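This briefing is meant to be read alongside the sequence and the coordinates. Please keep both in view while going through the points, which are grouped by topic.

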Amino acid sequence: MPSLPDLLPTHSSAVAFARGQHVRFLEELKALLRIPSISALPMYAGDVRRAAEFLVAELSRIGMEHVRLIESTGHPLVYADWLHASGQPVCLTYGHYDVQPPDPLDEWQSSPFEPVERNGNIYARGAVDDKGQMYMHLKALESLFHAHQGTLPVNVRIILEGEEETGGEAIAQFLRDHPEEVEADFALVSDTELFAPSLPTLCVGLRGMIYTEIEVCGARTDLHSGVYGGSAPNPLIALSQIIAALKDAEGRILIPGIYDRVTAPDAAELASWKNLPFDEDVYRNTEVGAKELVGEPGYSVLERTWARPSLDVHGITGGFTGAGAKTVIPAKATAKISLRLAPEMQPQETFEQLKKRVERVRPRGVEVEVRLIHAGDPVVVQTGNRYIRAAQRALRAVFDKEVVFVRSGGSIPIVADFERYLKIPTVMMGFGLPDDNLHAPNEKFCIANFHLGIESIILFLEGVAQGEEPGREAPTG
Ligand code: BES
Ligand code: MN
Ligand code: MN
């Protein structure tokens, strides 16, 4: 990899400033990564708050205004703005400072909350998802303030949440209740990936999701499996039968109605996916690491993961799983099951369809309850706007390559809300890599991408301010 300063000439003094701050920017990120802000585990609520306070202090220090913690029934939001670029659009930048639990811990080569540099990467839980990427926004803003004499080229509001990984209730509520407080012309999200290393990428679609829990109850208490085996219902077997009835052997989802709303991407988008540098064997070997890929017949891997619904089981509990043997018929079994929703699918409707299917295939002798834990809408963003074009220009300048448009199979529930409640387009400019191990042991962020991301965001915001008239010169700071 060439050293960063050789990569590209630029006339942005904000970029020049950022290039002089590589060491400090990364050390600051490490301090943030040391805070175990795990939103799913109540024990860590204090740490989640500590991460929010870290960001409040940092936003104040770099020159943002109206910096505040917004309390919620869950984890706090962080808000700040700077709105003095008169005549310029308002950018709403979003990120999340919470992280996934780090387990299984013994699979980590270094401790998840003690960031270390190895082979040009920084390893830590949250390195790429999303603390590292969110922090790029702060460092881009700091560089802009520095280079533009304490001002920004565009207006900026920033909103950060601490419970994206658990469904994002607080921010969704805030957007519904106070849309005027986050009024903006476009949103900027860095929580996605490059399609391949050094390939500048804009993500234009995300799947939605419903996350559910199925509880199956049989006898009134655990029973001796010798005394009662043969007459008492077994919830684990019933649960397995229910799960087995949700998908056929080829990978189709067996929930009636599930595919009704799904529409194929248009021909141009499908054609552009065919041009992406994607090798199914490499994907199977290096990313997935399985003998064979599975999924709906008749669709490519990219279609299956980006444009079709999918169903997965995340965990099953019940009965005895310790060492040795215990002869018990458990009274109860549960499973965590989620569905990813393709564009146009509706979370509530999908949940009703799932419930109906489960009720329909419920074996005799057990009671079943299906609970919705959280839900988020799918989204496809519009690309024919000046913000996407400015993003393309900025990425092309930094990476010296034409930008590709992709979708992602993952979910960021708030992006659909930006479209729905604020009626604004979102630019999803992320710098993760396919092998960054998000949600898995040994999560990492490529350090070069951290710095290139900062430069891209700087040039993007400067480019938005410049507008689209040909021949206009970039402001120099
Ligand atoms: N940043 C991810 C989503 C993502 C990953 C988008 C990779 C594009 C590429 C986000 O933090 C995430 O993990 N979201 C959750 C959804 C949430 C409601 C639990 C997900 O997709 O599982
Ligand atoms: Mn994320
Ligand atoms: Mn995540």
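What follows describes the metal sites, the bound ligand and a few separate residues.

The model is a predicted one. Two manganese ions, ligand 2 and ligand 3, lie 3.6 Å apart and are bridged by Asp-129. A further molecule, ligand 1, is surrounded by 16 residues, and the protein covers 91% of the 520 Å² of accessible area that ligand 1 has on its own.

**The manganese ion, ligand 2**

- The protein donors of the manganese ion (ligand 2) come from His-96, through NE2, from Asp-129, through OD, and from Asp-191, which is listed with two OD entries, and these donors lie 2.0 to 2.3 Å from the ion.
- The six donor atoms around this ion subtend angles of 57 to 164 degrees, and the arrangement is therefore irregular.
- Along the chain, the donors of ligand 2 follow the spacing H-x32-D-x61-D, and the pair formed by His-96 and Asp-191 links distant parts of the chain, 95 residues apart.
- Within that pair, His-96 belongs to strand β3 (residues 90-96), whereas Asp-191 is placed in the loop between β7 (186-189) and β8 (201-206).
- Both His-96 and Asp-191 are buried.

**The manganese ion, ligand 3**

- The manganese ion (ligand 3) is coordinated at 2.1 to 2.6 Å by Asp-129 (OD), by Glu-165, which has two OE entries, and by His-439 (NE2).
- The site of ligand 3 is irregular, with angles of 55 to 156 degrees among its six donor atoms.
- The donor residues of ligand 3 are spaced D-x35-E-x273-H in sequence, and here the pair of Asp-129 and Glu-165 links distant parts of the chain that are 36 residues apart.
- Asp-129 is in the loop between β5 (121-123) and α5 (131-147), while Glu-165 is in the loop between β6 (155-161) and α6 (169-177).
- Asp-129 counts as buried because its relative accessibility is 5%, and Glu-165 counts as buried because its relative accessibility is 15%, the cut-off for buried being under 20%.

**The surroundings of ligand 1**

- Among the 16 residues that surround ligand 1, the closest are Glu-164, Asp-191, Arg-340, Ser-411 and His-439.
- By class, this shell is made up of four nonpolar, seven polar and five charged residues.
- Asp-191, a donor of the manganese ion (ligand 2), also has a polar side-chain atom 2.8 Å from a nitrogen atom of ligand 1.
- His-439, which coordinates the manganese ion (ligand 3), likewise has a polar side-chain atom 2.8 Å from an oxygen atom of ligand 1.
- For His-96, an N or O atom in the side chain is 3.1 Å from an oxygen atom of ligand 1.

**Ser-12 and its backbone contacts**

- Ser-12 is found in the loop between α1 (4-7) and α2 (13-19), and Ser-12 counts as buried because its relative accessibility is 7%.
- A polar atom of the Ser-12 side chain lies 3.2 Å from the backbone nitrogen of Ala-14, and the side chain of Ser-12 also reaches the backbone nitrogen of Val-15, at 3.0 Å.

**Strand β11**

- Gly-315 has its place in strand β11 (residues 310-318), and His-314 is in strand β11 as well.
- Gly-315 counts as partly exposed because its relative accessibility is 25%, and His-314 counts as partly exposed because its relative accessibility is 43%.
- Gly-315 and Ala-147 are 168 residues apart in sequence, and their C-alpha atoms are 50 Å apart in space.
- The C-alpha atoms of His-314 and Ile-122 are separated by 28 Å, with their positions 192 residues apart along the chain.

**Val-366**

- Val-366 lies in the loop between α11 (347-361) and β14 (367-376), and Val-366 is buried, with a relative accessible area of 3%.
- Val-366 and Ile-329 are 37 residues apart along the chain, and their C-alpha atoms are separated by 13 Å.

Technical notes
Residues numbered from 1 in each chain as written. Chains lettered and ligands numbered in written order. Predicted model: local features only at pLDDT ≥ 70, side-chain atom pairs only at ≥ 80, totals over all residues. Heavy atoms only, no water. Donors = N, O, S within 2.8 Å, 3.2 Å for Na, K, Ca; no water. Tetrahedral: all angles 85-135°; square planar, octahedral: opposite > 155°, others 65-115°. Helix = DSSP H or I, 4+ residues; strand = E, 2+ residues; numbered from the N terminus. Buried < 20%, exposed > 50% of the residue type's maximum accessible area, 1.4 Å probe, protein only. Near = heavy atom within 4 Å. Polar contact = N/O pair within 3.5 Å; in protein donor to acceptor, adjacent residues only side chain to side chain. Areas by Shrake-Rupley, 256 points an atom, 1.4 Å probe, with all protein chains shown as cover. Nonpolar A, V, L, I, M, F, W, Y, C, P; charged D, E, K, R; others polar.
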